[in-house]
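Visitor: Could you pick one part of this model and take me through it slowly? I'd like the cut-offs along with the numbers.

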Amino acid sequence: MPNTSQEYDAVISICRNLFEKKMSDYGSAWRILRLPSLTDQIFIKAQRIRGLQQNAVQRVDEGEVSEFIGIVNYCVMALIQIEKGVVEQPDLDTEEAVKLYTEKVALTKQLMMDKNHDYGEAWRDMRVSSLTDLILQKLLRVKQIENNQGKTLVSEGIDANYQDMINYAVFAMIHLGVAKN
């Protein structure tokens, strides 16, 4: 029987490790990005994954996994931006950024565990391509909410959509065997 919590943690460990390394290389330059810019970065990654899934020829030697990692990390950055706001200059050191990353992932994992309980791990029977499509759908929803200045009438907010995208990307990576490496 698969252990979703352990697999989730294994995937997040890989994502967090890359986030930390990029913080060492670039610092927190991402802190200047507004939410629509982060949304567009996630959109680019999701579109590339969909292209990889549909096209017979791949011209860049990076597969789906690196793009799903990017989706997770950009979504976490977006959740941090929602909490802290956008700044004009990078303002986080690696330690503080990783602490915030860990906090956002912990909340997102708890949401996953709650939904996973209620849905009976239905994601395990889904295809990676369906998870990709769900991420793209969430992105279109987020863009519409952003176009509405963050206001919704009956729908969940932008943060919940970013959390769902993180969870779908983690599920896809589990399907792709990342948690076993």
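Guide: What follows is a close look at helix α4 and its surroundings.

Two bits of bookkeeping. This is a predicted model, with local features kept only at pLDDT of at least 70 and side-chain atom pairs only at pLDDT 80 or more, while totals for chains, interfaces and linings use all residues. Residues are numbered from 1 along each chain as its sequence is written, and side-chain values use heavy atoms, with hydrogens and water left out.

Start with the length. Helix α4 covers residues 94-119 (helices are DSSP runs of H or I with at least four residues, numbered from the N terminus). Its 26 residues should span 38 Å at 1.5 Å a residue, and the end C-alpha atoms are 36 Å apart, so the two agree (the expected span is 1.5 Å times one less than the number of residues).

Next, the side that is covered. The buried residues of α4 are A97, V98, L100, Y101, K104, V105, T108, K109, M112 and N116 (buried is under 20% relative accessible area, exposed over 50%, partly exposed in between, using a 1.4 Å probe and protein chains only). An α-helix has 3.6 residues a turn, so residues three or four places apart point the same way. Among the elements covering these buried residues are α1, α3 and α6.

K104 is a nice one to zoom in on. This lysine sits in α4, and its relative accessibility is 12%, so it counts as buried. Leaving aside residues up to four places away in sequence, K104 touches V76, L79, I80 and E83 (contact means heavy atoms within 4.5 Å). From C-alpha to C-alpha, K104 and I80 are 7.3 Å apart, with their positions 24 residues apart in sequence. Compare K99, also in α4: its relative accessibility is 46%, so K99 counts as partly exposed. The C-alpha atoms of K99 and V76 are 12 Å apart, for a sequence separation of 23 residues.

Helix α3, residues 64-84, has 21 residues that should span 30 Å at 1.5 Å a residue; its end C-alpha atoms are 30 Å apart, so this one agrees too. Of those 21 residues, 15 are buried, so "mostly covered" is a fair description of α3, given the under-20% rule. After α3 comes G85, with a positive phi near 85 degrees.

Now the rings. Three aromatic pairs turn up in a search of the whole structure (Phe, Tyr and Trp rings, the six-membered one for Trp, pair if their centres lie within 6.5 Å; planes under 30 degrees apart are stacked, over 60 edge-to-face, the rest tilted). F19 and Y101 have ring centres 4.7 Å apart and planes at 40 degrees, so that pair is tilted. It joins distant parts of the chain, F19 in α1 and Y101 in α4, 82 residues apart. Both ends are covered: F19 counts as buried at 3% relative accessibility, and Y101 is buried at 0%. Ring pairs also bring in W30, giving a cluster of F19, W30 and Y101.

Further along, α4 helps line a pocket. The second largest pocket has a volume of about 290 Å³ (on a 1 Å grid over the protein atoms alone, a pocket is an open set of points where a 1.4 Å probe fits, with protein on both sides within 12 Å along at least five of seven lines; lining residues have an atom within 4 Å of a point; points join across faces, edges and corners, and the volume is the space filled by probe spheres set on them). Fifteen residues line it, and the closest to its centre are K115, Y119, W123, Y168 and F171. Elements giving two or more residues to this lining are α4, α5 (128-147) and α6 (158-175). By class, the lining has nine nonpolar, two polar and four charged residues (Ala, Val, Leu, Ile, Met, Phe, Trp, Tyr, Cys and Pro are nonpolar; Asp, Glu, Lys and Arg charged; the others, Gly among them, polar).

Finally, the way out. Just after α4, G120 has a positive phi of about 65 degrees. E121, in the loop between α4 and α5, has a positive phi of about 55 degrees although it is not a glycine.
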